[in-house]
Structures are given as C-alpha cells and as structure tokens.
Amino acid sequence: MSNLTHLVEFLAKSLVDAPDEVHVRHYHSGDTIEFELHVAQPDIGKIIGRQGRTARALRTILSAAASKHRKRCTLELAE
Amino acid sequence: MSQTAHPVSSDSIVTRLHDFLTQLIVHGGFDLYVSVKAEDPHTFSANFTGDDVALLLGRNAELLNTLEYLAGRIIGDTAKSELRLKFDAGNYRLLRERELHMMAETAAERAKRYQKPFTLNPMSSAERRIIHLVLSQDPTVRTESIGDGEERKVVIHPV
C-alpha cells in the first residue's frame, strides 16, 4: 500500500508549513492498514483543523482510496 | 507593478487547483478526470468525470464535499483572498437542489397537516441554506437549525 502512504504524505505536505518534517509510517493488522502521520509540532493544528474537520477530511479521502483495494484503514496523528 | 488588489491571478489559482486535484487523483489511485475553470475572479469550479464518480457521490456526496473543503483549505490559504469553490460531478448539485426543494415542500406540508414540528436529516450548511430559502417564501411555516457540527439539521415549525 505504498501509494496510500504517498497519498497521506501528499495531503499532509500540502497542509503544513514544514513539509520536510512530514513522515508517514504504516502497519498492517489483518485487513486494516494503520497509518501514523508525524508532523512538526507547530503544524499539528493545521492537520487537525477546526473541530477536527481537516483530520476527518484526510480520513474520508484515505478510506475512499483504500476501499478501491478492498482495505480498511485508520489514520493516527503522532508527534 | 505594485498591485495589491489581486495578489494571485485567477489563472494561477486554476493551475494550482488543477495540479492539486490531479495529484490527489493519481496518489489515491482514483479513476477520475477533473476540469477546472474560473467562473469569476473569486469563484472556481471543478467538474469530475470517470468511473469513480459513484465513489465521490456516495453518502450524500461525502467525498466530493470533502475534496471541496480540503482544496479550499489548501488553495485558499495560499491565495490570500476569499475563494469560493464549486465542485460537481454528474450534475449532482442541480439534481440535489431539486431534491432538497421537494423535501422542503413535503416536510412543510407535514408540519402544517399535523401541526407539529418536522425535523429533516442532518445536512451541510449549503444544503440547510437551500431549505431555509425555499421555505422563507411560505408564511405558514418557520424554519430553524438545531444541533452541532455534522449533526446540525433543519426543523420546520407550523406558524
């Protein structure tokens, strides 16, 4: 699922001030792929958005892309 | 050249929006094509075609609305001016607007017939606005929105 990693990376880098500090790791657990997104501390608010709306948008896009591969996924934000 | 009124030209916003959406489509592996144009200096439309239009329009166009929101966040922040984005696929917006008109009128009739408030399903602010507008013409009902965030919905009261 490296292309889904690229999708998360691309979206996160588009949102933050410090794109070089965006890193994405992924883990497989059964049918689910868990993505872990790391961004610079001052950029965390940009990823979450007002009332968590931006984070929810990222999850919606990621889930739609994953559904094409018949996969489920989760996205966690880590410092 | 020290013009400050339009710091970013609409041509460059069209290009940026098109680049952003094209990259999103490629990275996401979506079967979609997008065309972008400037409707006026502040309004930009994107129209999607392709096999994954159904994916965009599922669950009341959740993905289409999400892309519209996220593109606004990303392109709007760099454009430094108020941007209005209108994303569409398969003529969804027009068809949905007609559907909302019918829902508003049906719900108003029920509220009047039973003399009881009628609550519609949760909707986005743009959709709630259409309901309020349609029923603002009808003096026999009054509308209000209740609830927070994703759960916000229109209630129609008989007057």
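Of the 79 residues of chain A, 47% count as buried in this predicted model. Chain A exposes about 4,400 Å², and carbon and sulfur atoms supply 45% of that area. The C-alpha atoms of the chain occupy a box of roughly 35 × 25 × 20 Å along the principal axes. Its secondary structure consists of 3 helices and 3 strands, arranged along the sequence in the pattern α-β-β-α-α-β. The radius of gyration of chain A is 12 Å, close to the 12 Å that the globule rule gives for 79 residues, so the chain is as compact as a globular protein of that length. Among contacts in chain A between residues at least 6 apart in sequence, 56% join residues at least 24 apart. The charged side chains of chain A number 11 positive and 10 negative, with the centres of the two sets lying 11 Å apart.

The strands of chain A are linked through β2(A), which spans residues 32-38. Strands of a sheet pair through backbone hydrogen bonds, either parallel or antiparallel. Strand β1 (residues 23-29) of chain A pairs with β2(A) in the antiparallel sense over 7 bridges, and Y27(A) stands opposite E34(A) of β2(A) in this pairing. The hairpin formed by β1(A) and β2(A) has 2 residues between the strands, and within the hairpin G30(A) takes a positive phi near 65°. Strand β2(A) is also joined to β3(A) by 7 bridges, here with the strands running parallel. In that parallel pairing, F35(A) stands opposite L75(A) of β3(A). Of the 7 residues of β2(A), 5 are buried, so the strand is largely enclosed by the rest of the structure.

Helix α3 of chain A covers residues 53-67 and contains T54(A). With a relative accessibility of 0%, T54(A) counts as buried. Residues up to four places away in sequence being left aside, T54(A) touches L15(A), K46(A), I47(A), I48(A) and G49(A) in chain A, as well as Y69(B), L70(B) and R73(B) in chain B. The contacts of T54(A) thus include residues of both chains. R70(A) is placed in the loop between α3 and β3 (72-78) of chain A. Although R70(A) is not a glycine, its phi is positive, at about 55°. R70(A) counts as exposed, with a relative accessibility of 76%.

In chain B, 3 strands form an open sheet in the order β4-β6-β5, with antiparallel pairing. The edge strands of this sheet are β4 (118-119) and β5 (141-146) of chain B, each of which pairs on one side only. Strand β4(B) is joined by 2 bridges to β6 (residues 153-158) of chain B, and the two strands run antiparallel. T119(B) stands opposite V155(B) of β6(B).

Several residues outside this sheet were also examined. Helix α2 of chain B (residues 53-79) contains R59(B), which is exposed, with a relative accessible area of 72%. The C-alpha atoms of R59(B) and S10(B) are separated by 32 Å, the two residues being 49 residues apart along the chain. N91(B) occupies the loop between β3 (84-89) and α3 (92-114) of chain B. The phi of N91(B) is positive, at about 60°, although the residue is not a glycine. N91(B) is partly exposed, with a relative accessible area of 45%. E127(B), in helix α4 (residues 125-136) of chain B, is buried, with a relative accessible area of 10%. Apart from residues up to four places away in sequence, E127(B) touches Y92(B), R96(B) and L100(B).

How values were computed: Residues are numbered from 1 along each chain as its sequence is written. Chains are lettered from A and ligands numbered from 1 in the order in which they are written. This is a predicted model: local features need pLDDT of at least 70, side-chain atom pairs count only at pLDDT 80 or more; totals for chains, interfaces and linings use all residues. Side-chain values use heavy atoms; hydrogens and water are left out. Helices (H or I, at least four residues) and strands (E, at least two) are DSSP runs, numbered from the N terminus. The radius of gyration is taken over C-alpha atoms; the globule rule is 2.2 Å times the number of residues to the power 0.38. Buried means under 20% relative accessible area, exposed over 50%, partly exposed in between (1.4 Å probe, protein chains only). Contact means heavy atoms within 4.5 Å. Accessible areas come from the Shrake-Rupley method with a 1.4 Å probe; for residues, only the protein chains shown count as cover. Lys and Arg count as positive and Asp and Glu as negative; His and the chain ends are not counted. The place of a charge is taken as NZ of Lys, CZ of Arg, CG of Asp or CD of Glu. Two strands pair if DSSP finds at least two bridges between them.
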